[in-house]
Amino acid sequence: MLDFKAVILQEEIAPSHAIGCQQCELSKQRHRVIWGEGNPEAPIFIIMDNPGAREDKEGQAFICSTRETLQMGIREAGLDLGLVYVSYLLKCRPIRAYNKPVAREACSSHLKLQLEEKKPSLLFGLGNVVVESMFPDVEADVKSYRGRWHTFQGLPAAFSYHPLAVRRRPVLMKYFTEDIKLVAQRIKEMT
């Protein structure tokens, strides 16, 4: 892995309705709205909980450990980075404490719109927050949902650990890579 170098994915500009969104308290603490990054026409739509830091204190773009770990897993699984688009349940980076259920509910319309517009072939959700948000009526967590296919809004959906959890617990990298391979295999079968 010494030769691995993560890249900064092209960010997609948020639509005006999202930029002007005032549906939750995050609108008062955000610097900007983060719609998504990567290939906007990709067949794989990756969903994480919320955007992290994208720029350093001087405003220079950088690759945070979450993105680096995600790209490392994608590479290990042999998946082409051009096949993925990364977005979030929340479209604003939280800076301080906030009402999480209210913010997730407020942002759910943005995610629904993205899925309707982009029409991805499948979803890949990362982290317990994503699983719990997508399946609020059942006892849901990554450990019990990973390794098999589910359906969300009519789309096949797979799940894995959040890249930050993988970073903190390297033993999870094996499972994270397995889950990405599951996604890569499904895409291969669909083409």
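Which strands and helices do the buried residues of H2 pack against? In this predicted model, the partners are strands S2 (36-38), S3 (44-48), S4 (84-88) and S5 (122-126), together with helix H6 (163-168) and H7. Helix H2 itself covers residues 65-76, and its 12 residues reach 16 Å from the first C-alpha to the last, close to the 16 Å expected at 1.5 Å a residue. The residues of H2 that end up buried are Thr 66, Arg 67, Thr 69, Leu 70, Gln 71, Met 72, Gly 73 and Ile 74. After H2 comes Gly 78, with a positive phi near 75°.

One of the strands that H2 packs against is S4, and Val 86 sits in that strand. Val 86 is buried, at a relative accessible area of 2%. Setting aside residues up to four places away in sequence, Val 86 touches Gly 36, Glu 37, Ile 46, Met 48 and Leu 70. Of these, Leu 70 is one of the buried residues of H2. As for another H2 residue, Thr 69, its C-alpha is 13 Å from that of Val 86, with 17 residues separating the two along the chain.

Next up is the nonpolar core. The largest one has 58 residues, and Ile 44, Ile 46 and Leu 123 touch the most other members. Helix H7 (residues 173-190) supplies the largest share of this core, 6 residues. In soluble globular proteins, nonpolar side chains tend to be buried together. For Leu 123, the contacts beyond four places in sequence are Phe 45, Ile 47, Leu 115, Met 134, Trp 149, Phe 152, Leu 155, Pro 156, Ala 157 and Ala 158. Leu 115 in that list is also among the buried residues of helix H3.

Helix H3 spans residues 100-118, 19 residues in total, and reaches 26 Å from first C-alpha to last, close to the 27 Å expected at 1.5 Å a residue. Even so, H3 has a kink of about 35°, centred on Cys 107. At the start of the helix, a side-chain oxygen of Asn 99 comes to within 3.2 Å of the backbone nitrogen of Val 102. The buried residues of H3 are Ala 103, Ala 106, Cys 107, His 110, Leu 111, Gln 114, Leu 115 and Lys 118.

Gln 114 deserves a closer look. This H3 residue is buried, with a relative accessible area of 0%. Its side chain makes a polar contact of 3.0 Å with that of Ser 87. Apart from neighbours within four places in sequence, Gln 114 is in contact with Trp 35, Phe 45, Tyr 85, Ser 87, Lys 91 and Lys 119.

Lys 119, just after H3, takes a positive phi of about 50°, although it is not a glycine. Lys 119 belongs to the loop between H3 and S5 and counts as exposed, at 64% relative accessibility. Gln 153, likewise not a glycine, also has a positive phi of about 50°. That residue is in the loop between strand S6 (150-152) and S7, and at 47% relative accessibility Gln 153 counts as partly exposed.

What about disulfides? A search of the whole structure turns up 0 of them. The sulfur of Cys 21 has its closest cysteine sulfur in Cys 107, 6.1 Å away, so this pair is too far apart for a bond. For Cys 92, the closest cysteine sulfur is again in Cys 107, and at 5.8 Å that pair is also too far apart for a bond. Both Cys 21, at a relative accessible area of 11%, and Cys 92, at 5% relative accessibility, count as buried.

Last comes Ser 160, in strand S7 (residues 155-160). Is Ser 160 buried or exposed? With a relative accessible area of 0%, Ser 160 is buried. A polar contact of 2.6 Å links its side chain to that of Asp 179. Leaving out neighbours within four places in sequence, Ser 160 is in contact with Phe 124, Gly 125, Leu 126, Gly 127, Val 142, Arg 146, Tyr 175, Phe 176 and Asp 179.

Notes
Residues are numbered from 1 along each chain as its sequence is written. This is a predicted model: local features need pLDDT of at least 70, side-chain atom pairs count only at pLDDT 80 or more; totals for chains, interfaces and linings use all residues. Side-chain values use heavy atoms; hydrogens and water are left out. Helices (H or I, at least four residues) and strands (E, at least two) are DSSP runs, numbered from the N terminus. The expected span of a helix is 1.5 Å times one less than its number of residues. The bend at a residue is the angle between axes fitted to the seven residues ending there and the seven starting there. Buried means under 20% relative accessible area, exposed over 50%, partly exposed in between (1.4 Å probe, protein chains only). A polar contact is a pair of N or O atoms within 3.5 Å; within protein, one must be able to donate a hydrogen and the other to accept it, and residues adjacent in sequence count only if both atoms are side-chain atoms. Contact means heavy atoms within 4.5 Å. A nonpolar core is a set of buried Ala, Val, Leu, Ile, Met, Phe, Trp, Tyr and Cys residues joined through side-chain atoms within 4.5 Å. A disulfide is a pair of cysteine sulfur atoms within 2.5 Å.
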